[in-house]
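Open the model in your viewer and keep the selection tool at hand. The stops below go from the whole chain to single residues.

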Amino acid sequence: SSRSLKLNSPNKSYLSNIYQIWAYSLYDQHKYQKAIHKYKQAASYDQRVEEIYNGWGSSLSQLGKFDEAIEKYNEALKICPHYPLAYMNRILALLLKNNEKEALRYYEQIPEGSYIMGNKNYMAKRFKQELEMLDVRVSERTDQDEIMLIQERKKGVERLLELLSGK
């Protein structure tokens, strides 16, 4: 008799975690297209994990696909409205799209004393680390288009850091 594997919720959650970890690893290796594929697989097993959509959005953003990235950050924020990283990544994507007006509007909507504002120092530290990583990536690249994309991202991150420091 043939038996089929039935996936119950704990197994689906486990598989989602495996694909999410795999996606994180690919992202850290700057393999953004492959990371996107793994985030899609992770989401196919569990659509309720905000980190999946934040990572998916970050991968899209690294490829310059800012509108799609913003859609993924919005999905993360539907799941967890006070998720600081998705909120700041959405603002960064808007800055990278040269839509500073909308980025500032989102930034100014963050309630004082909220969980997001309570994590300002963590956010600043995280984006300073990203700046360091971008410097390393520029030094490793020879493709001028790729270098230009990285330098544009650096400008956006620098502007976000200015917002976080109150400038």
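**Whole chain**

Begin with everything selected and the charged side chains shown. The protein chain carries 26 positive and 22 negative charges, and the mean positions of the two sets are 6 Å apart. Keep in mind that this is a predicted model.

Now switch to a cartoon view. The protein chain has nine helices and zero strands, so the order of elements from the N terminus on reads α-α-α-α-α-α-α-α-α. Along the principal axes, the C-alpha atoms fill a box of roughly 70 × 45 × 25 Å.

Turn on the surface next. The protein chain exposes about 9800 Å², and carbon and sulfur atoms supply 49% of that area. Of its 167 residues, 45% count as buried. If contacts are drawn between residues at least 6 apart in sequence, 54% of them join residues at least 24 apart.

**The largest pocket**

Which residues line the largest pocket? Select Tyr24, Tyr27, Asp28, Tyr39, Glu51, Asn54, Gly55, Ser58, Tyr83, Leu85, Asn89 and Arg126 to show the lining. Two or more lining residues come from each of helix H1 (9–28), helix H3 (50–62) and helix H5 (84–96). Colour H3 separately: with four residues, H3 gives the most to the lining. The space in the largest pocket is about 190 Å³.

**Lys72**

Move to helix H4, residues 66–79, and select Lys72 within it. Is Lys72 buried or exposed? Lys72 counts as buried because its relative accessibility is 13%, and the cut-off for buried is under 20%. To see what surrounds this side chain, add Tyr53, Trp56, Gly57 and Leu60 to the selection. Lys72 touches these four residues, leaving aside residues up to four places away in sequence.

**Lys128**

The last stop is helix H8, residues 120–140, where Lys128 lies. Why does Lys128 count as partly exposed? Its relative accessible area is 48%, and partly exposed covers the range between the buried limit of 20% and the exposed limit of 50%.

Add Glu158 and draw a distance from C-alpha to C-alpha. Lys128 and Glu158 are 8.3 Å apart in space by that distance, while 30 residues separate them in sequence.

To compare the two lysine stops, show them together: Lys72 is buried, whereas Lys128 is partly exposed.

Definitions and conventions: Residues are numbered from 1 along each chain as its sequence is written. This is a predicted model: local features need pLDDT of at least 70, side-chain atom pairs count only at pLDDT 80 or more; totals for chains, interfaces and linings use all residues. Side-chain values use heavy atoms; hydrogens and water are left out. Buried means under 20% relative accessible area, exposed over 50%, partly exposed in between (1.4 Å probe, protein chains only). Contact means heavy atoms within 4.5 Å. Accessible areas come from the Shrake-Rupley method with a 1.4 Å probe; for residues, only the protein chains shown count as cover. Lys and Arg count as positive and Asp and Glu as negative; His and the chain ends are not counted. The place of a charge is taken as NZ of Lys, CZ of Arg, CG of Asp or CD of Glu. On a 1 Å grid over the protein atoms alone, a cavity is a set of points where a 1.4 Å probe fits but cannot get out, and a pocket is an open set with protein on both sides within 12 Å along at least five of seven lines; lining residues have an atom within 4 Å of a point. Grid points are joined across faces, edges and corners, and a volume is the space filled by probe spheres set on the points.
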